[in-house]
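User: I am new to this structure and would like a close look at one part of the sheet. Please take me through one strand and its surroundings, explaining the terms as you go.

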Amino acid sequence: DGLTAVGFWTNRLAIARDQCHRLSFDVAQPLQDVGVKVVAVNVGDPAEQIELDTVAKDDIICVLDPDGSAVAKVATDKLPRTYLIDSEGHILWFDIGYSRTTRRQLKNAVFYYSREQNVDPS
């Protein structure tokens with residue numbers, strides 16, 4: 001149950017490496033109290049070339065998409081991409097790139113959807 005932020009990234013682009021690093025500090029750590037999980041999906045890099053030294057590995061789940069088949073289900077080849085997904089796998093929000101605006105909008109989306117999930121419909 002809950003929300004998951006998914007960041008598709010590649011080691012070949014500085015903005016994408018930054019996104020992977022920032023997801024931990026911008027989303028996983030400050031939003032863990034509202035139950036947000038964070039998954040960083042590396043697209044197309046050999047495992048030995050991936051630099052995760054700056055990522056707080058306890059805060060996010062890092063997975064590999066070596067052939068790009070996972071990202072192809074939701075996106076083109078433009079990376080980085082950041083998604084907010086609900087517990088049923090529905091995409092609630094997404095953005096291309098990872099800027100200050102992206103971080104603010106992602107946090108706003110998390111608070112909006114987490115509050116919506118906790119509203120009693122009766």
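Analyst: A good place to begin is the pairing of β2 with β3, two strands that run parallel and are joined by 5 bridges. Strands here are DSSP runs of E with at least two residues, and helices are runs of H or I with at least four residues, both numbered from the N terminus; two strands count as paired if DSSP finds at least two bridges between them. The model is a predicted one, in which local features need pLDDT of at least 70 and side-chain atom pairs count only at pLDDT 80 or more, while totals for chains, interfaces and linings use all residues. Residues are numbered from 1 along each chain as its sequence is written, and side-chain values use heavy atoms, with hydrogens and water left out.

Within this pairing, Val39 has Ile61 of β3 as its bridge partner, and Asn42 stands opposite Leu64 in β3. Towards β1, β2 pairs in the parallel sense over 6 bridges, and there Asn42 of β2 stands opposite Trp9. The strand β2 is mostly covered, with 6 of its 7 residues buried, where buried means under 20% relative accessible area, exposed over 50%, and partly exposed in between, for a 1.4 Å probe and protein chains only.

The wider setting is an open sheet of 5 strands with mixed pairing, in the order β3-β2-β1-β4-β5. Its edge strands are β3 (61–65) and β5 (91–96), each of which pairs on one side only. From one strand to the next, the twist averages 20°, with axes taken as lines fitted to C-alpha atoms, for helices over the stretch in contact, and angles running from 0 to 180 degrees between N-to-C directions. The helix α1 packs on the sheet, touching β1, β2 and β4 (81–85), and its direction makes about 165° with that of β1; contact means heavy atoms within 4.5 Å.

Beside these elements, in the loop between β1 and α1, lies Thr10, which is buried with a relative accessible area of 2%. Leaving aside neighbours within four places in sequence, Thr10 is in contact with several residues, among them Asn42 and Val43. The side chain of Thr10 also makes polar contacts with the side chains of Arg12, at 2.8 Å, and of Asp45, at 3.2 Å. A polar contact is a pair of N or O atoms within 3.5 Å; within protein, one must be able to donate a hydrogen and the other to accept it, and residues adjacent in sequence count only if both atoms are side-chain atoms.
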